[in-house]
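Me: I've got a protein model open and I'd like to talk through it bit by bit. Can you help me read it?

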Amino acid sequence: MSTGFGSYPFVRYAAGLGSGIGLYVLLPDSNWLPWLSLTLGVGLLLTGFWVKFPKPYRPIRPASGLGAFLLLVALGWLVTYLRTGSNQPDSILHVAATPADTLLQSYEGVVTTQPEERAKTYRVELAVHRGLVDRHWQPMSGRILVYLDKANQPVPRYGEVWLVTGTPRLIDPPLNPGEFNYKRHLSYRGIYHQQYLRPFQRRVLGLDPPNVLTQLAIQVNQWADGVFTRQIGSRAEYGIVNAMILGVRDDLDTAQYQAYSIAGAVHILSVSGMHVGILFLVLTFLIGLVAGKRDDRVWLVLLQLAILWFYALVTGFSLPVLRSAGMFSLLLIAKALGRRTPLPNTLGAATFFILLYDPYALFSAGFQLSCLAVAGLGAWQSSVYQSITFRYSWLNKLWELTAVALVAQLVTFPLAVFYFHQFPTYFLLANPLVMGCSLVLLPLAMALLAVCWIPYLSDVLGWLLKEVAWLLNYAVTQTGKLPGAAWDGLWLSPVALILVYAVILCGTALILTRNRTYAWATCWLALLLAGLTIQDDYQQRHQRRLAVHFLPHKTAVSLTDGYTSTLLTDLPLHDTRSYDFYLKNTFGGWGISRPAVAQLTNQPDTVLTPAVSAYHQTPAYGLWVWQGKSILLVNKLTGQNRWKLPAVVDYLIVRRNALRDWEQLNGRVVARHIIFDDSNKTPLTDRLLAEAGRRGIACYSVRQMGAYVADLK
């Protein structure tokens, strides 16, 4: 039997469906594309059948195969179109485009997710049923991300029907270069609006769960959370168990999460296919001990299926868990039927049905990393493991875990660097320890849930689970403290990402086949990647730019020269979360690991950090001269102290609502460029921009237009 690409039909199906999904995302308005693909596909299929008719059945010819592929492309385009909420005629997005006097005033919606508890709010998703527009209720569809002020409010429940007053606002696009596109991420889930609610702005009308199975999954998840809370107690160990088993990371503190990230073990903090794989391996091993070689009996298969899907239920039907549970279910059923199930075809089948249900899963980093890891392990793990044999069985087991970590890291590290911009140096040290602890922790947690009603046995299992979680946390924390534990600030462009994977694939093919063609391909691709890297390095080394960044209600001005940058800001030094979300990717894309921060104050004669030179500050303004360019930050234009500068400044940055009328600048300062940062109130900035348009004044607002970036040559 052939073992080539043609032996895995579901791989072809998933590739065709994924191609159609990608085409829709790239060209959503090209409605002719699916019709063209459909027409060509049907034509090629009919041509293939006509050529074969009335001959006996033969393998599909290239024309027929291409025709079927094009039909799947059309199907992918169609399911993505239907899954996109903005294409619905009653979408809430269409209301946002109406005149101001007919805006959405109130709406009715149902809670469709398990609420997430934040420091001051509950975060829930509402599916809108109808809305009040111009004093008339009308059917409406769409999803809204709602932050409900706690204020002694009970935790919202899945299925609650809310009557909400007020108008939700569109989610902002990324306003800084390289910033995570949160708007696009949410749009893939059909969410385009968000709203912050005070308790008086919502009224609970009743309980109407939209999906009984999801309601059951949430109830089981909450029950399991209660069991772990009661048996574990301590926050650090409870947090890791809660994250690994239930997919809830609310109880992980920042330092703990950062330690797992540095050690290259952050993937275990999200329920994923790895967890299902571990559970599957443990179940197979235990059942093998009981049943011997006859582990394909129906009752054993049913038992494994029941445990796998109970775990999926406990996790709240997480998408990666559903994919993996489906894949292992196919393996179990095929084994019970005595059918051969190649891993690529099983993975392709799971991927195909997941994308058919949720086409936007294709753009999920977790989904991509999970599929890559499974594909890589299936293709290379056995060869890597068999390449070295040890005398002692325990060393072979340790090498097996190491081989799994090595192959998984090799396959996923380019994509992980592309998304997360760091690489764990000691992953080979940390991952075998993590895998070993996970092999014990996961089945132990499931056993605790199974016997939680037995008093003393549940206490013993709870104590063991807590100790294993402590050992896991300790191993990861100590690994993260090693010198040079992580390479941070790594950056891959999409082109570089493709080239890295091409080098890996050709290099692997060279090792396996010893074919010179792959040697030449590997060399040329490596040279191309090196040339691209040198070009990027040259551009970053000679960059010189001024940037006024978007930072909510704050000032952030940076001057960059090569690989050094100075950030003048009033962001508190302890607020690393805002910096990481809004600015870290910007500087990372410019090749700067961390800018020198000068804290902006409003006190006269303040001594700033040495990184800021030629800076003069008063309570009313600050003047920064750099590379022959003058930057004036204005704090105050009113009062008796009518300061003025005789020279023309290059950049005038208005902050803290200093400018309220354009007449205030007359006789004070002349500027070539005027920029409003986000420390100004939005209504005031909107009014000034409108007046500037009528007066012919050129100005810029980072709130409305995004970060202001000027390349200085």
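Me: By class, how many nonpolar, polar and charged residues does the lining of the second largest pocket have?
Reply: Before we start, keep in mind that this is a predicted model. The pocket in question holds about 1100 Å³ of space, and 33 residues line it. Sorted by class, that lining has 26 nonpolar, 7 polar and no charged residues.

Me: Which element gives the most to the lining of the second largest pocket?
Reply: The elements that give two or more residues to this lining are α1, α12, α13 (365-386), α14 (393-420) and α17 (494-513). Closest to the pocket's centre are L362, Q368, C371, L372 and A375. The top contributor, with 10 residues, is α13.

Me: How far does helix α1 reach from its first C-alpha to its last?
Reply: Helix α1 covers residues 9-26, so count 18 residues at 1.5 Å a residue, with the expected span taken as 1.5 Å times one less than the number of residues. That gives an expected 26 Å, and the helix comes close to it. Its actual reach is 26 Å.

Me: What covers the buried residues of α1?
Reply: First, who is buried: A14, G16, L17, G18, G20, I21, G22 and Y24. Buried here means under 20% relative accessible area. The cover over these residues includes α3 (62-83) and α12 (343-357).

Me: Now the sheet. Which are the edge strands?
Reply: Six strands, that is 6, make an open sheet with mixed pairing, in the order β16-β17-β18-β19-β20-β21. An edge strand pairs on one side only, and that picks out β16 (615-617) and β21 (700-701).

Me: How many residues of strand β19 are buried?
Reply: On one side, β19 pairs with β18 (residues 629-634) in the parallel sense over 4 bridges, and V634 stands opposite V654 there. β19 also runs parallel to β20, joined by 6 bridges. Strand β19 spans residues 648-654 and is mostly covered, with the buried count being 6 of its 7 residues.

Me: In β20, which residue is the bridge partner of V648?
Reply: Strands of a sheet pair through backbone hydrogen bonds, either parallel or antiparallel. β19 and β20 take the parallel option. In β20, the partner of V648 is V670.

Me: And which residue in β21 does I675 stand opposite?
Reply: Strand β20 takes in residues 670-676 and pairs with β21 in the parallel sense over 2 bridges. Across from I675, in β21, stands Y700.

Conventions:
Residues numbered from 1 in each chain as written. Predicted model: local features only at pLDDT ≥ 70, side-chain atom pairs only at ≥ 80, totals over all residues. Heavy atoms only, no water. Pairing = 2+ DSSP bridges. Buried < 20%, exposed > 50% of the residue type's maximum accessible area, 1.4 Å probe, protein only. Contact = heavy atoms within 4.5 Å. 1 Å grid on protein atoms, 1.4 Å probe; cavity = no way out; pocket = protein on both sides within 12 Å on 5 of 7 lines; lining within 4 Å. Points joined across faces, edges and corners; volume = space filled by probe spheres on them. Nonpolar A, V, L, I, M, F, W, Y, C, P; charged D, E, K, R; others polar.
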